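Here is a short tour to read with the model open beside you. Take a moment to turn the structure around before starting.

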Amino acid sequence: MLPGVTTDPKLVSELARKKEDENLEFRRFLSAHHDDSHLLHVIGSEVEAQVDCTSCAACCRETRVQVSTEEVARIAGFLKIRPAEAARMYTEPDPADHTRMLTQPAGACVFLDRNLCMIYEVRPDACHRFPYLTTEESCLGSRLESIWRRAWFCPIIYNTIEEWKHRVGFHTRGHS
Ligand code: SF4
Ligand code: SF4
């Protein structure tokens, strides 16, 4: 059990924004000290076990989820409708490329009901793996880039970074 894990998404958001400069300093520290992705993976697993995602669901509000044709078909099967109908009702083109993404009609994923996912059993792979800390492919690289960007809304990421600082002996030069 890790001490001091902060699980309230609102508090995490406040704290993470205050720590933006400190996190930048920590990133420089990691670069200079040959950061260890295995440690990130270990801490991420420990933190994840302590955070109840059903009382958060911030990622279902703050991120957009890309879906493949296969994933749309799987969702359609779960909802007992045709894939084309599922695509029309619940997805829209991603302006960045030729893929599709789940719609967010009211500022949150179309499948979010309060904090629960209505298609949890067949949720897209991106949802299943978020926040990408406990999977082996979460090596320091592009994944880590997204981790820094998402620390402000995800309690798992926020607490993992804080514990990471602690374990590698990082001390800020004055940011808080
Ligand atoms: S993965 Fe992070 S943002 Fe998503 S529900 Fe869990 S704690 Fe919240
Ligand atoms: S599909 Fe489910 S887990 Fe994924 S963003 Fe939507 S509500 Fe959240």
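Which strands does helix 6 lie across, and at about what angle does it run to strand 2? Helix 6, residues 83-90, lies across strand 2 and strand 3, and its angle to strand 2 is about 75°. Please keep in mind throughout that this is a predicted model.

**The overall layout**

Let us step back to the whole chain. The protein has nine helices and five strands. Read from the N terminus, the elements follow the order α-α-α-α-β-α-α-β-β-β-β-α-α-α. The C-alpha trace spans about 55 × 30 × 25 Å along its principal axes.

**The sheet beneath helix 6**

Three of the strands form an open sheet in the order 1-3-2, and their pairing is antiparallel. Strand 1 (66-67) and strand 2 (91-93) are the edge strands; each has a single partner strand, so one side of each is left without a neighbour in the sheet. Strand 2 and strand 3 (residues 100-102) run antiparallel and are joined by three bridges. If you would like a landmark on this pairing, look for Pro93, which stands opposite Arg100 in strand 3.

**The two ligands**

What kinds of residues surround the ligands? The table sets the two shells side by side.

| Ligand | Surrounding residues | Classes in the shell |
|---|---|---|
| Ligand 1 | Val51, Cys53, Cys56, Ala57, Ala58, Cys59, Phe130, Pro131, Cys154, Pro155 and Ile156 | 11 nonpolar, no polar, no charged |
| Ligand 2 | Cys60, Val65, Leu102, Cys109, Phe111, Leu112, Cys117, Ile119, Pro124 and Cys127 | 10 nonpolar, no polar, no charged |

The shell around ligand 1 includes Cys53, Cys56, Cys59 and Cys154. Helix 4 (58-62) and helix 9 (155-167) are the elements that give two or more residues to this shell. Around ligand 2, the cysteines Cys60, Cys109, Cys117 and Cys127 are among the surrounding residues, and so is Leu102. Leu102 falls within the residue range of strand 3, which links this shell to the sheet described above. Neither the shell of ligand 1 nor that of ligand 2 has a polar or charged residue.

**Two backbone details**

Two spots in the loops deserve a visit. Where does Pro131, one of the residues around ligand 1, sit in the chain? Pro131 is in the loop between helix 7 (125-129) and helix 8 (142-150). The peptide bond leading into Pro131 from Phe130 is cis, with omega near 5°. Phe130 and Pro131 both belong to the shell around ligand 1.

The other spot is Lys80, in the loop between helix 5 (69-79) and helix 6. Although Lys80 is not a glycine, its phi is positive, at about 60°. From this loop the chain continues to helix 6, the helix that lies across strand 2 and strand 3.

Terms used: Residues numbered from 1 in each chain as written. Chains lettered and ligands numbered in written order. Predicted model: local features only at pLDDT ≥ 70, side-chain atom pairs only at ≥ 80, totals over all residues. Heavy atoms only, no water. Near = heavy atom within 4 Å. Helix = DSSP H or I, 4+ residues; strand = E, 2+ residues; numbered from the N terminus. Nonpolar A, V, L, I, M, F, W, Y, C, P; charged D, E, K, R; others polar. Pairing = 2+ DSSP bridges. Contact = heavy atoms within 4.5 Å. Axes fitted to C-alpha atoms, helices over the stretch in contact; angles between N-to-C directions.
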